[in-house]
Amino acid sequence: MNSESNVSSKPVFAILKERGALPNNTVAAHLITPGAPPKVVDLHTPVPEDSQLEALPATHPDALAVIRHSSAHVMADAVQRLFPGTKVAFGPATDNGFYYDYDKPGAPFTDDDLRAIEKKMGEIVAADQRFTREKVSPEQAREVLQKTNETYKLEHLERLVAAGEEISLYKHGEWVDLCEGPHVPSTRYLKAFQLTMVAGAYWRGVETNPMLQRIYGTAFADKKALEDYLKQLEEAKKRDHRKLGKELELMTFHPWAPASPFFLPRGAAIYNALIEYVRKLYVRFDYIEVITPQIFDRELFVTSGHLPAYAENMFLAASKENIENVCEHLAKVHEKEGGKLDAAEVEKALVEGIRFGVKPMNCPAHALMFGSTRRSYRELPMRVADFGRLHRFERSGVTQGMTRVRTFCQDDGHIFCALDQVQSEIESFVDLVYAVYKDFDFTEVRVVIATRPDVRIGADEIWDKSEKALIDGVEAKGLKYEIAPGEGAFYGPKIEFHLKDAIGRSWQLGTMQADFNMAERFDLSYVGVDNAQHRPVALHRAILGSIERFFGVLIEHVSGAFPTWLAPEQITLLTVSEKFDDHAKQVLKKLKAAGIRATADLSGDKLGAKIRIARNMRIPYRAVVGEKEVESGGLSLSSRDENKDLGMLSLDEVIAKLLHEGVPPSLRAS
RNA sequence: GCCCAGGUAGCUCAGAGGUAGAGCACCUCCUUGGUAAGGAGGAGGUCGCGAGUUCGAUUCUCGUCCUGGGCUCCA
């Protein structure tokens with residue numbers, strides 16, 4: 001932006017036009033600098049005449065972001081026309097649309113308001129107002145924003161000035177915004193938009209800041225693309241694990257256990273199959289499984305650092321005796337202080353008097369086990385697995401179906417190893433994770449490295465070492481990754497493996513965390529080859545993450561149609577009439593004896609109805625039992641996945657087929 | 001926790017200041033039917049919970065719990 005060129009500058013559209021490279025649907029352009037990612041510029045921005053440029057059609061993803069950002073401006077314009085006195089804050093494009101945050105005096109926006117705003121936006125679009133960019137001095141910007149009393153924008157301006165950023169104003173019609181752009185040439189280019197919802201959002205996302213009203217919208221290059229997107233959203237809703245979980249009788253919830261799933265028999269079958277799958281892997285990957293307590297003396301959590309670094313997320317537990325002791329203590333203080341008690345005193349008494357904590361993580365228990373006896377370097381790396389149930393108090397507004405719950409089980413494990421074993425443990429864990437995700441047909445895995453948070457334990461040198469170990473490990477495997485600054489756990493940085501749900505929200509499932517703190521806090525050691533004491537390193541890791549969350553994401557991934565190896569019912573027998581019930585019962589017995597999860601529909605329904613029910617329940621195989629089957633001793637099989645009739649198969653063939661498909665792909669014989 | 005929207009039968013949902021309705025599921029009976037819903041009848045609700053306004057509240061008001069969408073946080 002500040003490169004001095006001796007070539008004269010011209011607006012982008014003029015240059016492209018001269019070169020005959022400006023198609024009709026162009027909304028912006030890429031300014032290409034060798035060795036750097038292309039920069040999106042608007043068509044009226046002057047650039048050096050010899051610039052390398054590429055016209056962006058409306059359908060290009062980068063152009064879409066421009067369209068959406070411009071839509072946000074037009075929405076803000078419409079809002080301020082309809083609701084004078086409303087201030088604007090931030091209004092960016094997002095992955096699926098755009099939003100703008102408003103400080104609106106009086107009542108929040110209603111759905112009717114949204115429709116009115118859309119209508120006003122339509123008028124602004126029809127007026128074909130040009131977007132213009134103006135490079136200004138901080139003083140000029142200040143003057144404009146003070147005149148319009150845009151206090152949020154003024155605050156932001158001062159940050160930009162402090163950071164030494166170039167300041168620009170964008171204008172369409174009479175509406176001005178502090179904005180770096182780029183934008184479409186004119187409002188007429190906004191052909192398909194829709195406002196979707198209102199939500200509260202804190203100014204700058206900080207909870208102590210005032211809450212603003214955020215209006216979300218979406219915009220596309222044309223009406224058809226918008227309709228396709230809305231249709232896709234509808235489809236995604238059908239796959240929602242909360243809806244399917246209810247329909248397929250997988251789980252249920254009760255207000256008396258908020259955010260805590262009950263697994264119904266069918267859900268429990270899948271849940272157990274997932275754990276069985278991981279257990280088999282543990283045999284192959286040299287893990288040892290342990291079972292640890294649920295409730296601990298608070299001393300454990302003081303030692304581990306969970307109190308106070310994680311206290312807000314913990315359930316504390318007390319015996320009746322604990323509470324009586326606290327009450328007695330407080331009663332005495334109350335008497336001595338002449339009837340006065342201050343809140344701090346009460347809190348102190350409570351926190352100290354409530355003796356127990358419910359574990360939110362397994363690691364402290366594993367540390368105790370490691371420390372329970374003298375350890376040798378020969379035992380390392382020691383890979384300790386635990387399917388213990390964890391409880392975390394999640395704030396009421398953040399829980400969500402199965403993907404964010406208050407009680408869950410992780411395929412958790414801690415690897416105690418020597419410093420020089422860290423790298424290879426990280427690398428082999430990455431291999432393990434990818435092998436597992438492949439079995440579930442998850443291909444879009446996002447890798448994030450989360451670094452030190454503000455609230456943390458341990459010295460900065462230790463954090464430097466931990467973060468480097470993770471980055472080295474991921475790079476050694478040649479994986480692409482993003483850095484999430486400040487997102488690490490309080491005891492160490494994390495590699496996170498993210499997968500998307502039906503609605504496109506990204507969830508962390510697998511994780512590996514390097515922890516140089518825990519061994520220190522629990523004073524863990526092992527005897528080395530040199531006969532001296534050494535500190536082990538602890539690696540926290542989970543593959544599926546929490547079984548609950550993984551289950552939720554998996555339901556959506558397969559739309560409730562679980563592969564045969566996970567399906568709660570692998571095959572169901574459908575009798576043509578009651579006359580064949582006895583035969584069906586015999587076949588059922590044989591299937592079950594062979595280890596197949598089979599059921600039979602002996603209801604009075606007609607065959608067509610039974611088929612419909614079985615299909616709706618997404619059962620992998622349906623077998624019809626009638627006259628022909630009784631005579632031949634076989635089964636007429638049809639497949640959910642191939643969606644076709646497989647014809648008459650002998651019972652042995654059916655059993656062989658189901659046993660084969662009954663194991664995860666990576667464990668099958670052939 | 002904060003902002004917004006919800007909570008009516010097991011499920012999906014309609015309804016309205018005068019003590020509730022549909023479809024599916026469930027129960028009984030008829031039908032014994034060969035590849036996506038055969039028929040008839042029946043039972044089932046303190047309209048999330050608690051207060052207030054009212055002659056009367058499931059409907060209006062307030063509080064509370066739960067769910068959903070965001071903000072924020074995490075597996």
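**Figure 1. E578 and other protein residues make polar contacts with bases of RNA strand B in this predicted model.** A backbone N or O atom of E578 lies 2.8 Å from a base oxygen of RNA strand B. E629 uses its side chain: a polar atom there lies 2.9 Å from a base nitrogen of the RNA. R392 also offers a polar side-chain atom, 3.4 Å from a base nitrogen of RNA strand B. A polar contact is a pair of N or O atoms within 3.5 Å; within protein, one must be able to donate a hydrogen and the other to accept it, and residues adjacent in sequence count only if both atoms are side-chain atoms. Residues are numbered from 1 along each chain as its sequence is written, while chains are lettered from A and ligands numbered from 1 in the order in which they are written. In this predicted model, local features need pLDDT of at least 70, side-chain atom pairs count only at pLDDT 80 or more, and totals for chains, interfaces and linings use all residues; side-chain values use heavy atoms, with hydrogens and water left out.

**Figure 2. The protein surface near RNA strand B mixes three residue classes.** Here, near means that one of a residue's heavy atoms lies within 4 Å of the molecule or strand. There are 56 residues around RNA strand B, and R404, K494, Q508, S577 and R612 come nearest. By class, the surface has 19 nonpolar, 17 polar and 20 charged residues. Ala, Val, Leu, Ile, Met, Phe, Trp, Tyr, Cys and Pro count as nonpolar; Asp, Glu, Lys and Arg as charged; the others, Gly among them, as polar. On the RNA side, 51% of the atoms within 4 Å of the protein belong to sugar or phosphate, and the rest to bases.

**Figure 3. Helix α19 gives the most to the surface near RNA strand B.** Its share is 7 residues. Elements that each supply at least two residues include β11 (192-202), β12 (211-220), α19 (607-616) and α20 (627-632). Helices (H or I, at least four residues) and strands (E, at least two) are DSSP runs, numbered from the N terminus.

**Figure 4. S577 sits in a loop.** The loop runs between β29 (571-575) and α18 (581-593). S577 is partly exposed, with a relative accessible area of 25%. Buried means under 20% relative accessible area, exposed over 50%, and partly exposed in between (1.4 Å probe, protein chains only). S577 and D605 are 28 residues apart along the chain, yet their C-alpha atoms are separated by 8.4 Å.

**Figure 5. Strand β25 is largely enclosed by the rest of the structure.** Of its 10 residues, 9 are buried. β25 (506-515) also supplies at least two residues of the surface near RNA strand B. Strand β24 (residues 494-500) joins β25 through 6 bridges, and the two run antiparallel. Two strands pair if DSSP finds at least two bridges between them. K500 stands opposite S506 in β25. Strand β28 (residues 537-546) is also antiparallel to β25, with 5 bridges. In β28, R541 is the bridge partner of M512.

**Figure 6. T511 is a buried residue of strand β25.** Its relative accessible area is 6%. A polar atom of the T511 side chain lies 3.1 Å from the backbone oxygen of I495. Not counting residues up to four places away in sequence, T511 touches several residues, among them F429, K494, F497 and H540. Contact means heavy atoms within 4.5 Å.

**Figure 7. Strand β2 pairs with β5 and with β3.** β2 (residues 26-32) is mostly covered, with 6 of its 7 residues buried. β2 and β5 (residues 52-57) pair in the antiparallel sense over 6 bridges. A28 stands opposite L56 in β5. β3 (residues 39-41) runs antiparallel to β2, joined by 3 bridges. V41 in β3 is the bridge partner of A29. The hairpin of β2 and β3 has 6 residues between the strands, and there G35 takes a positive phi near 85 degrees.

**Figure 8. Confidence varies along chain A.** pLDDT is the predictor's confidence in each residue, from 0 to 100. Chain A averages 91, and 99% of the residues score at least 70. Confidence is lowest in helix α12 (residues 343-353), at a mean of 81. Confidence is highest in strand β26 (residues 526-527), at 98.
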